[in-house]
Amino acid sequence: MANQASNGSNAAPELTNQLGQLRDILFGEDKREFEAHFEDIEHSTAKQLDQLSAQVHQELAELRAEITRHFDQLSERLSDIDHLHMERADQIQHYAETTAQHLSTFEKATESAALQLESKLDSENNKLHRSMDEKFEQLSQQLVKLEKSLRHDKADRNLLAEVLTQAAARISSPELATETPEKKSSDNAKK
């Protein structure tokens, strides 16, 4: 039995070897073709993967370059906008300062002009008051003169009326005719 066991163990590798040879004869060509075809596919796939990888790397590099270019353009635009904003801010600040100076100058000029106008109006007002006072004084004096003149004229009329009355009385009564009008007027003046 031991012989059979050792014979069986020797026969198994031989059988396996024979089966391998038989398989190689029957399927060997197909297997080689399959392996060659598989190697071609593997090689083709690796080549395609390499090409695809290179293409992806190239496109990524181009995309990075494009993103970098756009980022640089945006940064440049932003820098230009910041610069323009700073210029505008400086212009607005300068305009505000200039306007404040103009307003201050205008305010001072207006205040000075107002003071001059007020002084001139006060002066004109004083002149007008003096002129009005002088005119009033002149008119008062003229009225006083006119009043005196009217009284004097009235007195002369009274004297004339008295003289005429005496003359009428003399004409109507001969005894008063002996009295002269001058004497009568001196008597009236004494009274």
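## Surface and fold

The chain exposes about 17400 Å², and 59% of that area comes from carbon and sulfur atoms. Keep in mind that this is a predicted model. Burial is scarce here: of the chain's 191 residues, 2% count as buried.

As for secondary structure, you're looking at two helices and zero strands. Helix 1 covers residues 2-172, and the features below involve residues from that helix, including phenylalanine 34, phenylalanine 38 and valine 56.

## A nonpolar patch

Leu49, Leu52, Val56, Leu60, Leu63 and Ile67 together make a nonpolar patch on the surface, about 530 Å² in area.

Take valine 56 as one of its members. This residue sits in helix 1 and has a relative accessible area of 38%, so it goes down as partly exposed. Patch residues need over 30% relative accessible area, and the 38% of valine 56 fits with that.

## The aromatic pair

There's one aromatic pair in the structure. It brings together phenylalanine 34 and phenylalanine 38, with ring centres 6.3 Å apart and planes at 20 degrees. Planes under 30 degrees apart count as stacked, so this pair is a stacked one.

How are the two placed along the chain? Phenylalanine 34 and phenylalanine 38 are four residues apart in helix 1, so about one helical turn separates them.

Buried or exposed? Phenylalanine 34 is exposed, at 54% relative accessible area. Phenylalanine 38 has 43% relative accessibility and counts as partly exposed. The cut-off for exposed is over 50%, which is why phenylalanine 34, at 54%, gets that label.

Definitions and conventions
Residues are numbered from 1 along each chain as its sequence is written. This is a predicted model: local features need pLDDT of at least 70, side-chain atom pairs count only at pLDDT 80 or more; totals for chains, interfaces and linings use all residues. Side-chain values use heavy atoms; hydrogens and water are left out. Rings of Phe, Tyr and Trp (its six-membered ring) pair if their centres lie within 6.5 Å; planes under 30 degrees apart count as stacked, over 60 as edge-to-face and the rest as tilted. Buried means under 20% relative accessible area, exposed over 50%, partly exposed in between (1.4 Å probe, protein chains only). Accessible areas come from the Shrake-Rupley method with a 1.4 Å probe; for residues, only the protein chains shown count as cover. Patches are made of residues with over 30% relative accessible area and no salt bridge: like charges are joined within 9 Å, nonpolar side chains (Val, Leu, Ile, Met, Phe, Trp, Tyr) within 5 Å. A salt bridge is a side-chain nitrogen of Lys or Arg within 4 Å of a carboxyl oxygen of Asp or Glu.
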